[in-house]
Amino acid sequence: MTIRIGYVPEHFSTPLYIARDNEYFKESGVDVELVLCPGGTGEMTSKLEDRSIDLAIALTEGLVAGISKGQDWYKIVGTYVDAPLCWALSAGKNSKHKNIDTLQKTNVAISRIGSGSHIMAFVLADQRDWLKENEAPFDFNVLHNFKAMRDAVNDGSSDYFMWETFTTKPYHDSGEVKRIGQITPPWPAFMFAAHTSLLSSEDLKKVLEAIQKATDLFMAEKEDASVKHVMRILDYPEKDVRDWFKTVRYANNLRQVSRGALDVTLSTLRKADVVPEPVKKPEDLIDASIAELIN
């Protein structure tokens, strides 16, 4: 069988290319296909549903929210990036918005409903005390991809959008869009989610072991070879890549999931009214035959 892995085309995904190019997947005895998902977490959970991918590397908050709202076709099976994701808030280059203070009740461009860019708007509203009962903090403009979101803030159809800081930085540097703030949630950036039909498969464990080997090598060479690798694939300036390496941390054991991380994600998403009552327990989100819940 072939395991199709959904991922976003960002610097975080570089270990997947290492696992493929160094033949770690091949050595594991499992056929692996990497499936590009530029629409992010919302696209990946949809592709898990229609079985066009089997394993996703997706945003923690998107996976937790999806399962909590009844998406029962996948489970969390591990942690990929242990460090939190820093989200940049961006407005159009000629926008009246200069910081976060003026964003209440504005229009936010998002990739999909249930995506990180959608959920983080509620987290922002919660932090700013903009959440009111039976009252949406923003209007949402669903645009499916990063370029459409950048275009929307420049043509005035949206006021701002949120996307990962280092992925957005080249567009801030070029002046295409304007950085007006940032927000960092208190949970790991990316987790693994597998379709339920894959949970009894030994092949899934082998694939996670191959990715573990790649993330270990990637971080071991972060002063030299890995910097060049990211620069070559994504055409990022060397300083930006080195700055990113100072912030990123991959899980030491990809099959472990922090109970505390899931608890804080669930409580934050509930407070922001992203997930319904009753709030699920961490045990409801993971598959214990693959993932180990740790404190």
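Which residues line the second largest cavity? In this predicted model, the answer is a set of seven names: Q104, K105, W130, K132, E135, A136 and P137. The space they surround comes to about 30 Å³. Sorted by class, this lining has 3 nonpolar residues, 1 polar residue and 3 charged ones.

That cavity has company. Rolling a probe the size of a water molecule over the atoms shows where empty space is left. When the whole structure is searched, 2 cavities of 30 Å³ or more turn up. The largest cavity holds about 160 Å³ of space, and its lining is made of 18 residues. Nearest to the centre of the largest cavity are E10, G40, L59, W87 and W163. Several elements chip in at least two lining residues each, namely α3 (41-49), β3 (55-59), α5 (116-127) and β8 (160-164). Strand β3 gives the largest share, with 3 residues. As for character, the lining of the largest cavity counts 9 nonpolar, 7 polar and 2 charged residues.

Next come the pockets. The largest pocket offers about 180 Å³ of space. Its lining is built from V8, P9, E10, P38, N145, F146, W163, T167, L234 and Y236. Of these, 7 are nonpolar, 2 polar and 1 charged. E10 and W163 turn up here in the lining of the largest pocket, and they are also among the residues nearest the centre of the largest cavity.

The second largest pocket has a volume of about 150 Å³. Around this pocket sit F122, L131, K132, E133, N134, E135, P137, R270, K271, A272 and D273. Here the classes split into 4 nonpolar, 1 polar and 6 charged residues. K132, E135 and P137 in this lining are familiar names, being part of the lining of the second largest cavity as well.

Now for the rings. A pair of aromatic rings is described by the distance of the centres and the angle of the planes. The structure holds 17 aromatic pairs. In one of them, the ring centres of F138 and Y160 are 5.6 Å apart and the planes meet at 65°, so this pair counts as edge-to-face. The two partners come from distant parts of the chain, 22 residues apart: F138 belongs to the loop between α5 and β7 (139-142), while Y160 sits in strand β8. Both F138 and Y160 are buried.

A second pair joins F146 and Y171, with centres 5.4 Å apart and planes at 90°, so it is edge-to-face too. F146 is in helix α6 (residues 146-155) and Y171 in helix α7 (residues 165-173), so the contact ties together parts 25 residues apart in sequence. How do the two partners fare for exposure? F146 has a relative accessible area of 12%, so it counts as buried. Y171 has a relative accessible area of 25%, so it is partly exposed. F146 also belongs to the lining of the largest pocket.

An arginine joins in with this pair. The charged end of R150 sits over the ring of F146, 4.6 Å from the ring centre. R150 also lies over the face of Y171, where the distance to the ring centre is 3.8 Å. Elsewhere, ring pairs link F12, Y80, F190, F192, F218, W244, F245 and Y250 into a cluster.

Finally, a few spots in the backbone stand out. Most residues other than glycine have a negative phi, and most peptide bonds are trans. K105 is not a glycine, yet its phi is positive, at about 65°. This residue is placed in the loop between β5 (87-92) and β6 (107-110). K105 has 45% relative accessibility, so it counts as partly exposed. K105 is also one of the residues lining the second largest cavity.

N134 tells a similar story, with a positive phi near 60° in a residue other than glycine. N134 is found in the loop between α5 and β7. With a relative accessible area of 80%, N134 is exposed, and it helps line the second largest pocket. Last, a cis peptide bond joins E277 and P278, with omega at about -10°. P278 lies in the loop between α11 (259-271) and α12 (282-285).

Technical notes
Residues are numbered from 1 along each chain as its sequence is written. This is a predicted model: local features need pLDDT of at least 70, side-chain atom pairs count only at pLDDT 80 or more; totals for chains, interfaces and linings use all residues. Side-chain values use heavy atoms; hydrogens and water are left out. On a 1 Å grid over the protein atoms alone, a cavity is a set of points where a 1.4 Å probe fits but cannot get out, and a pocket is an open set with protein on both sides within 12 Å along at least five of seven lines; lining residues have an atom within 4 Å of a point. Grid points are joined across faces, edges and corners, and a volume is the space filled by probe spheres set on the points. Helices (H or I, at least four residues) and strands (E, at least two) are DSSP runs, numbered from the N terminus. Ala, Val, Leu, Ile, Met, Phe, Trp, Tyr, Cys and Pro count as nonpolar, Asp, Glu, Lys and Arg as charged, and the others, Gly among them, as polar. Rings of Phe, Tyr and Trp (its six-membered ring) pair if their centres lie within 6.5 Å; planes under 30 degrees apart count as stacked, over 60 as edge-to-face and the rest as tilted. Buried means under 20% relative accessible area, exposed over 50%, partly exposed in between (1.4 Å probe, protein chains only). A charge sits over a ring if NZ of Lys or CZ of Arg is within 6 Å of the ring centre and within 35 degrees of the ring normal.
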